[in-house]
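Got your viewer open? Here's a short walk through one structure, with something to select at each stop.

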Amino acid sequence: MLPNLKCLRREYGVSQQRLADAIGVSQSSINKYENHNIEPDIDILKRLADYFNTSIDFIVGYTDERQRIERTESYRLSHAEAELLLRYRSLTDDEKQCIHVVVDTLSKGRRPTK
């Protein structure tokens, strides 16, 4: 069962039939996903997430966060970089702004490196 599917469908004003047509399944499948302990395969979950511009995690009730999870780039931080990031996150907004000014000043005219 997909706990947030019915909520999303109603919020968007979409009938079961219209949703079924949009993602390529039957209306009875949508009904079963909403009201019974039947779960779609991952391909259908992806289509539902795309249709409602949300995440699969939200549709299946794993999170309350509706925002779509975007692909992220993997960064391998050194120990020193990770420590710096942790310390940065503990600063106040004003202190962070000071750090930005220093970094901007030091990096003027330099190209970012990967």
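Start by selecting helix α6, residues 79-89. This helix gives the most to the lining of the largest pocket, with five residues. Keep in mind that you're looking at a predicted model.

Now bring up the rest of the pocket wall: show Y75, R76, L77, E81, L84, L85, R87, Y88, L91 and I99 as sticks. The space they line comes to about 370 Å³. Try colouring the lining by residue class: you'll get seven nonpolar residues and three charged ones, with no polar residues.

Next stop, the helix pairs. Two packed helices are described by the angle between their axes and the distance between those axes, so keep both in mind here.

Select α2 (residues 16-23) together with α3 (residues 27-35). Their axes sit 8 Å apart, and the helices pack at an angle of about 110°. That makes α2 roughly perpendicular to α3. Which residues make the contact? On the α2 side, pick Q16, Q17, L19, A20 and I23; on the α3 side, pick Q27, I30, N31, E34 and N35. Sorted by class, the contact of α2 with α3 has four nonpolar residues, five polar and one charged.

Leave α2 on screen and swap its partner for helix α4, residues 42-52. Here the packing angle is about 115°, with the axes 10 Å apart. So α2 is roughly perpendicular to α4 as well. The crossing of α2 and α4 is right-handed. To see who meets whom, show R18, L19, A22 and I23 in α2, then I44, R47, L48, Y51 and F52 in α4. How does this contact divide by class? There are seven nonpolar residues and two charged ones, and no polar residues. While you're here, click on L19 and I23: they belong to the α2 contact with α3, and they also meet α4.

For the last stop, move to the loop between α4 and α5 (56-59) and pick out N53. What is the backbone doing there? Phi of N53 is near 50°, a positive value in a residue other than glycine. Leaving aside residues up to four places away in sequence, N53 touches R66 and R68, so add those two to your selection.

To link back to the pocket, draw a distance from the C-alpha of N53 to that of L85. L85 is one of the lining residues. The two C-alpha atoms are separated by 31 Å, with the residues 32 apart along the chain.

Key. Residues numbered from 1 in each chain as written. Predicted model: local features only at pLDDT ≥ 70, side-chain atom pairs only at ≥ 80, totals over all residues. Heavy atoms only, no water. Axes fitted to C-alpha atoms, helices over the stretch in contact; angles between N-to-C directions. Helix = DSSP H or I, 4+ residues; strand = E, 2+ residues; numbered from the N terminus. Parallel < 35°, antiparallel > 145°, perpendicular 65-115°, else oblique. Contact = heavy atoms within 4.5 Å. Nonpolar A, V, L, I, M, F, W, Y, C, P; charged D, E, K, R; others polar. 1 Å grid on protein atoms, 1.4 Å probe; cavity = no way out; pocket = protein on both sides within 12 Å on 5 of 7 lines; lining within 4 Å. Points joined across faces, edges and corners; volume = space filled by probe spheres on them. Left-handed = near helix turned anticlockwise from the far one by under 90°.
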